[in-house]
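Please open the structure in your viewer and keep the sequence panel beside it. The tour below moves from one selection to the next and says what is to be found at each stop.

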Amino acid sequence: MKYTNEINKRRTFAIISHPDAGKTTLTEKLLLFGGAIQTAGAVKSNKIKKHATSDFMEIERQRGISVATSVMSFEYKGVLINLLDTPGHKDFAEDTYRTLTAVDSVILVIDSVNGVEAQTRRLMEVCRMRNTPVIVFINKMDRDGKNRFDLLEEIEKELHLPLHPMAWPINSGKDFKGVYNLFDKSLVLFTANTKAADEDTVKIDDLESPVLDEKLGEKDAAALREDVELVDGVHGQLNVEEYLAGKVAPVFFGSAINNFGVREMLDTFIRIAPRPQSRETSTRHLDVEEDNFSGFIFKIHANLDPKHRDRIAFLRVCSGKFERNKYFHHVRLDREVRFSNPYSFLARDKDVIESAYPGDVIGLFDTGNFKIGDTLTEGEDFYFTGIPSFSPEIFKEVVNKDPMKTKQLEKGLLQLTDEGVAQLFTQFGGNKKIIGCVGELQFEVIQYRLLHEYSASVQFNALPFYKACWITSADPKKLEEFIRFKHANIAEDKDGHLVYLAQSEWFLNTERTNNPAIEFHFTSEIHK
Ligand code: G4P
């Protein structure tokens, strides 16, 4: 229990959203509050611009910049906040899913005009798998959005997430007047382009107070009274335990670009968001308060610039104290390793650090020793569970264009897939190599890197699959039979686990109905 104070002080979370909902803008405002940046616009370079989708080198360049801002640490009211960035670009969705395994809670940004969008849905699925506590920030209230009640209903229904409004908006678009904070009963009036510290707040203990009419006008004051009565009647007080269990999500309304509603959310966040949590491992429950160090790699960033061919492995500390130059146990390699230049990600600078505590994320220079999910400890052998691979959505066969370089190709494919760039499958009983990705862009990245780093030249042939499901069965005979009948659709993943490649949802559903003895899993976690 040596590190309780350090643990209590920390909050590690990610902001997630569908692209364009306002994640970058909100991040920037949070950093402004934390004093980590001084000027607006500083975080913009982190964003992969939409128009760059066809040029992956440009995206890589931007991704390179984004390494420095992958984790942003700042202090707010005595709390040390680690904000993990998630790429908005859908082709990097795997990266985002994995980052979610390294955080203790998330803030979900939803555009009040567009409501729930595709990426929002998928990200929430991952949060739900882990019961991650979620705070919702409904952004762009300065634009004419959907009716608030309809929007909340839509979010609840689409994301299977009961909501609890913490503040209530007064109109939207050009009539947006602000929010009424239901928790501390104050009216926060909206002014465009609010600076970090000068919101116009009026304390209103009694909603019947004439001050409300004075500030909002009679019509809006009456509407607010009615809304609040309704909302209070339905929701009552927020049950923080339910939030921590991922069963209900507090909701805030605001406008990130105008820095409105952000402070209310941040104040609530530091009050209720979970401190670094205990975790499950392959052998036992690991208490975050344990003295011995442990942590895992959740992301590996390789630099495509041939002049700087370095890789950075991102490690989340789960217990104990990480120390520079101290030997730790690399469980998979069964080897002792130490790091002379671990660094933290304070705002935009990479600083070499001496130590790190649970909740912290550090960058370790890597020469190929790490793969996603690797664990470091002080000697004990275990790995952390809950770091699954998700089913890819695009599948292509790898065609070797230069048989003289077969060895290099194999090595390259193994290393790149260890980094988590893509998943590698081998046709069952054959040797056809299949790459599975979430986005087209990864194929370009792989082709480029195989050529430049391993001198292997490949071409990809599209395959008509839509999903990979890991298959298991309590009945080995039935499994064997299924494999025999579905031979052309069976492959093995890198760890030798069986995978069924479905051509379409219809095929998948048909096989599931016809083969009740076979279990189809959408993540690889089942094997852990
Ligand atoms: P993302 O990281 O989730 O992709 O979104 P980002 O913050 O980049 O915001 C997407 C667009 O929405 C940006 O405009 C941003 O200025 C705008 N935006 C963010 N918050 C608000 C808000 O509260 N109200 C309104 N009206 N707009 C908001 P853009 O034109 O795409 O980019 P830029 O030219 O402003 O950089």
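Leaving aside its neighbours within four places in sequence, which residues is Gln277 in contact with? Select Gln277 in this predicted model, and, with those sequence neighbours set aside, you should find it in contact with Asp104, Val288 and Arg316. Gln277 has its place in the loop between helix 10 (262-272) and strand 12 (279-280), and, with a relative accessible area of 37%, it counts as partly exposed, because the range for that class runs between 20% and 50%. Now display its side chain, where a polar atom lies 2.9 Å from the backbone oxygen of Arg275. If you then add Glu289 to the selection, the C-alpha to C-alpha distance from Gln277 is 9.1 Å, although the two residues are 12 apart in sequence.

Next, select the ligand together with the residues around it, which number 19, and among which Asp20, Lys23, Thr24, Thr25 and Ser255 come nearest. Colour this shell by residue class, and it divides into 8 charged, 7 polar and 4 nonpolar residues. The largest share of the shell comes from helix 2 (residues 23-33), which supplies 3 residues.

With the ligand still shown, turn to its oxygen atoms and look for three polar contacts in succession. A polar side-chain atom of Thr25 lies 2.5 Å from an oxygen atom of the ligand, whereas for Lys23 a polar backbone atom is found 2.8 Å from a ligand oxygen. At Lys140 the side chain is again involved, with an N or O atom 3.1 Å from an oxygen atom of the ligand. Taken alone, the ligand would expose 700 Å², and the protein buries 73% of that area.

The next stop concerns aromatic rings, for which you may hide the ligand and select Phe293, Phe322, Phe328, Phe339 and Phe370, residues that form one aromatic cluster. Across the structure the count of aromatic pairs comes to 25. Begin with Phe322 and Phe339, whose ring centres are 6.3 Å apart and whose planes meet at 35 degrees, so the pair is tilted. Phe322 lies in strand 16 (residues 322-323), while Phe339 lies in the loop between strand 18 (335-337) and strand 19 (343-346), so this pair ties together parts that are 17 residues apart in sequence. Both Phe322 and Phe339 are buried.

Keep Phe339 selected and move on to Phe370, with which Phe339 forms a stacked pair, 6.1 Å from centre to centre and with 20 degrees between the planes. Because Phe370 belongs to the loop between strand 22 (361-366) and strand 23 (375-377), and Phe339 to the loop between strand 18 and strand 19, the pair ties together parts that are 31 residues apart in sequence. Phe339 has a relative accessibility of 10% and therefore counts as buried, and Phe370 is buried as well, with a relative accessible area of 3%.

Finally, clear the selections and view the whole chain, which has 14 helices and 31 strands. Of its 528 residues, 56% count as buried, and its accessible surface comes to about 22700 Å², 49% of which belongs to carbon and sulfur atoms. Among contacts in the chain with a separation of 6 or more, residues 24 or more positions apart account for 71%.

Definitions and conventions. Residues numbered from 1 in each chain as written. Predicted model: local features only at pLDDT ≥ 70, side-chain atom pairs only at ≥ 80, totals over all residues. Heavy atoms only, no water. Near = heavy atom within 4 Å. Polar contact = N/O pair within 3.5 Å; in protein donor to acceptor, adjacent residues only side chain to side chain. Areas by Shrake-Rupley, 256 points an atom, 1.4 Å probe, with all protein chains shown as cover. Helix = DSSP H or I, 4+ residues; strand = E, 2+ residues; numbered from the N terminus. Nonpolar A, V, L, I, M, F, W, Y, C, P; charged D, E, K, R; others polar. Buried < 20%, exposed > 50% of the residue type's maximum accessible area, 1.4 Å probe, protein only. Contact = heavy atoms within 4.5 Å. Phe/Tyr/Trp six-rings, centres within 6.5 Å; stacked < 30°, edge-to-face > 60°.
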